[in-house]
Every structure is written in structure tokens, then in C-alpha cells.
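Welcome! Take a moment to turn the model around on your screen before reading on. The notes below will guide you from one spot to the next.

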Amino acid sequence: MPELPEVEVSRLGVAPFLQGQVIQNIIVRDRRLRWPVSESLADAIGHRIEAVTRRAKYLIIVLQNGGQIILHLGMSGKLRVLEATVAPVKHDHLDIVLASGKCLRLNDPRRFGACLWQPPGAAEPTQLMNLGPEPLTDDFTADRLVALSRGKQSAVKNFIMDNAVVVGVGNIYANEALFMAGVDPRRKAGNVSAKRYQLLTQAIKEVLAKAIQQGGTTLKDFTQTDGKPGYFKQSLNVYGRAGEPCLTCETPIKSLTIGQRNTFYCPQCQR
DNA sequence: AAACACCCCTGCGGGC
DNA sequence: TGCCCGCAGGGGTGTT
């Protein structure tokens, strides 16, 4: 489900309910997420939430004592804020119960999501180390893409989906950004010119920002925390449109597999 | 070292 | 109607 925009939309949705609240209880119904949920997560109970932030596709609940609860939604994770008394349904694996009587509830059918506990003063989990820059900040530049790509033989699509290069660009938005920039996803990363990396950098920033504004992309089951779908699906130019006419030139959109992931592009517009 | 393939898991849509 | 197959928004691990 979630790429960076969907995680950010989730963060914006839940943050107002969490900020300033004391964690009254944490209920783990199934510890078997991407990594087993640590028993020591219970150490967060009794502490006040200072802020809810995001790094890459990780949502971070920052406690006033310096501890952090780090959530990842994987492919199918969803966050809702509910009254804590609402009965859980299938795949509701985790509740963070707040003093307000509400709870943050994680539902994740495929269990590719994660909940990590970073104790006060501890180093950040290895998963968060060696992450590249946030795409919507000035740290993410075309110069960086050029510098890191020289000599790279892998497809440019894989390159921009590499979290060490830039975080948060998943399969949907990689396809869309490459279309916007007019770059063939199969092209070797090392053979993309500085000028085209400039276009691609702008396209990544634009597509992610626009998707956040529109509440993310709902393909099947993503919903914003208020239960509404994301509306960015209406703005997709290539993703999921194999065989349909390119919205620019009417050439049929092609699909193929790159890096075990479905890839969509216009053979006319993208070179 | 870089570039791949593979795997974790459940649900759903399409084809028969 | 029902069963089987293929596929899905992520990303860590292990192999060449």
C-alpha cells in the first residue's frame, strides 16, 4: 500500500490525536510482524508523546523521555485512531492506547509492517541507518543523483528506488516520475545525463508533493485515517495503465518487469 | 562491490 | 458458484 505520500498522509491524520497524550497501554495481539515486536515495547507505557515524525516510510512516535516507537506499514498496513473500546477485527495486531480513551490501531493483513522500539538514549535501529535524503528537502538534488549514478549499470528505475540514494520512492511514484521526466525506466543509471537527472529530481519532488496534497493513492485498500480513499489514483499517467493510450501521445503504455516489479512506461515519450 | 533473485504473508481478481 | 493461479504499494537477505 504505502509509499512516502501514504505514510505522510497517515502521519498527518493521526498526529493531532497523539501529540501530548500519555500512553496508557500497549496491546500486541500478534507479535509476528516483519520483525517480532519486542516485549520491551511495554517500556513506552506511561510516557507522554512529544511528536509524531516521519523518516523515509517509517512513522516515528517520539516520547518526551527520548524513547521512540517506530512504525512501518509494509505493503498492507493501515493506521486508524479509534475509541479504545471498539472491538478489534481480523489483522488488528497492535493498539497504542492513549489517556484520552482513544487508541492508535495498526491493521496489517500481510504483516510486512513493523513496530520497533528505540529506548531512550539508544542508537537508532539499523533499518534507519544509511538511509538517503528525504526527497522533499533540499538535501535531495540532481547533483547527488549524478554523483551516485556514475558507472552504475542497473536500471535508472531501480536506482531511484534505492533507499540509500533517496528514500520513499516506491513502485508507483518511480513509474510516474520517470514518465514525467521523459526517462526510459530501463536506461542504465550511469547513462542518464545531468540534464535529465535535473528533470527527474524535479519530477520526483513534484509527484510526491502532489500525491500528499491529494491524500495519497488508493489502489485497493489504502484509506486515509478518516477512512476516505486517497485521490491521487486519478492523476496516474502510467501506473496500472498497460495497453491504454498515453495521455500525451496516445501510444499504448507498455509494461515489463524491472527488478521483480511491474513497470509501466510510454515507449514514445520516454527515452 | 554491485547486481540480481528470492522470500516473508494474506487477499483479491480473473480465468476456467 | 467455486477453485486455482498470479499478482500486489516494501525491503532485508543471500547468491552470483
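Here is a short tour by topic, from the recorded sites to the DNA strand and then to a few residues further along.

Keep in mind from the start that this is a predicted model. An unreviewed UniProt entry lists H91, R110 and K152 under "binding site". Those three span 62 residues in sequence and their farthest two C-alpha atoms are 40.9 Å apart, so they do not all gather at one spot.

**Two of the recorded sites, one by one**

- Look for R110 in the loop that joins β7 (102-107) to β8 (114-118).
- R110 is partly exposed, because its relative accessible area is 46%, which falls between the 20% limit for buried and the 50% limit for exposed.
- Leaving aside residues up to four places away in sequence, R110 touches M75 and S76.
- K152 sits in another stretch, the loop between α2 (142-149) and α3 (156-160).
- K152 is partly exposed too, with a relative accessible area of 36%.
- With residues up to four places away in sequence left out, the contacts of K152 are F159, K188, A189 and G190.

**Around DNA strand B**

- Which residues surround DNA strand B? They are K90, H91, P109, R110, R111, F112, K152, Q153, S154 and Q260.
- Of the atoms of DNA strand B that come within 4 Å of the protein, sugar and phosphate account for 60%.
- By type, the residues of this surface divide into 2 nonpolar, 4 polar and 4 charged.
- H91 has a polar side-chain atom 2.7 Å from a phosphate oxygen of DNA strand B.
- Q260 also places a polar side-chain atom by a phosphate oxygen of this strand, at 2.5 Å.
- Q153 uses its backbone instead: one of its backbone N or O atoms lies 2.6 Å from a phosphate oxygen of DNA strand B.

**F112, a neighbour of the strand**

- F112 is one of the residues around DNA strand B, and its place is in the loop between β7 and β8.
- Is F112 buried, exposed or partly exposed? With a relative accessible area of 39%, F112 is partly exposed.
- Not counting residues up to four places away in sequence, F112 touches R34, G74 and M75.
- M75 is a handy landmark here, since it appears among the contacts of R110 and among those of F112.
- From F112 to L131 there are 19 residues in sequence and 19 Å in space, taken from C-alpha to C-alpha.

**An aromatic pair and a buried asparagine**

- A pair of aromatic rings is described by the distance of the centres and the angle of the planes.
- The whole structure holds 3 aromatic pairs.
- In one of them, Y239 and F264 have ring centres 5.3 Å apart and planes at 65°, so the pair is edge-to-face.
- This pair links distant parts of the chain, 25 residues apart: Y239 is in the loop between α5 (194-213) and β9 (254-258), while F264 belongs to strand β10 (residues 261-265).
- Both Y239 and F264 are buried.
- N175, in helix α4 (residues 171-181), is buried as well, with a relative accessible area of 1%.
- The side chain of N175 reaches the backbone nitrogen of F264 at 2.8 Å.
- N175 touches both members of the ring pair, Y239 and F264, and also K157, V238, N262 and T263, when residues up to four places away in sequence are not counted.

**Two residues with positive phi**

- What is the phi of A56 near? The value is near 55°, which is positive in a residue other than glycine.
- A56 lies in the loop between β2 (49-55) and β3 (58-63), and at 3% relative accessibility A56 counts as buried.
- N130 has a positive phi of about 60°, and N130 is not a glycine either.
- You will find N130 in the loop between β8 and α2.
- N130 is exposed, with a relative accessible area of 70%, whereas A56 is buried.

Conventions
Residues numbered from 1 in each chain as written. Chains lettered and ligands numbered in written order. Predicted model: local features only at pLDDT ≥ 70, side-chain atom pairs only at ≥ 80, totals over all residues. Heavy atoms only, no water. UniProt positions renumbered as here; feature names shortened; annotations may be inferred. Helix = DSSP H or I, 4+ residues; strand = E, 2+ residues; numbered from the N terminus. Buried < 20%, exposed > 50% of the residue type's maximum accessible area, 1.4 Å probe, protein only. Contact = heavy atoms within 4.5 Å. Near = heavy atom within 4 Å. Polar contact = N/O pair within 3.5 Å; in protein donor to acceptor, adjacent residues only side chain to side chain. Nonpolar A, V, L, I, M, F, W, Y, C, P; charged D, E, K, R; others polar. Phe/Tyr/Trp six-rings, centres within 6.5 Å; stacked < 30°, edge-to-face > 60°.
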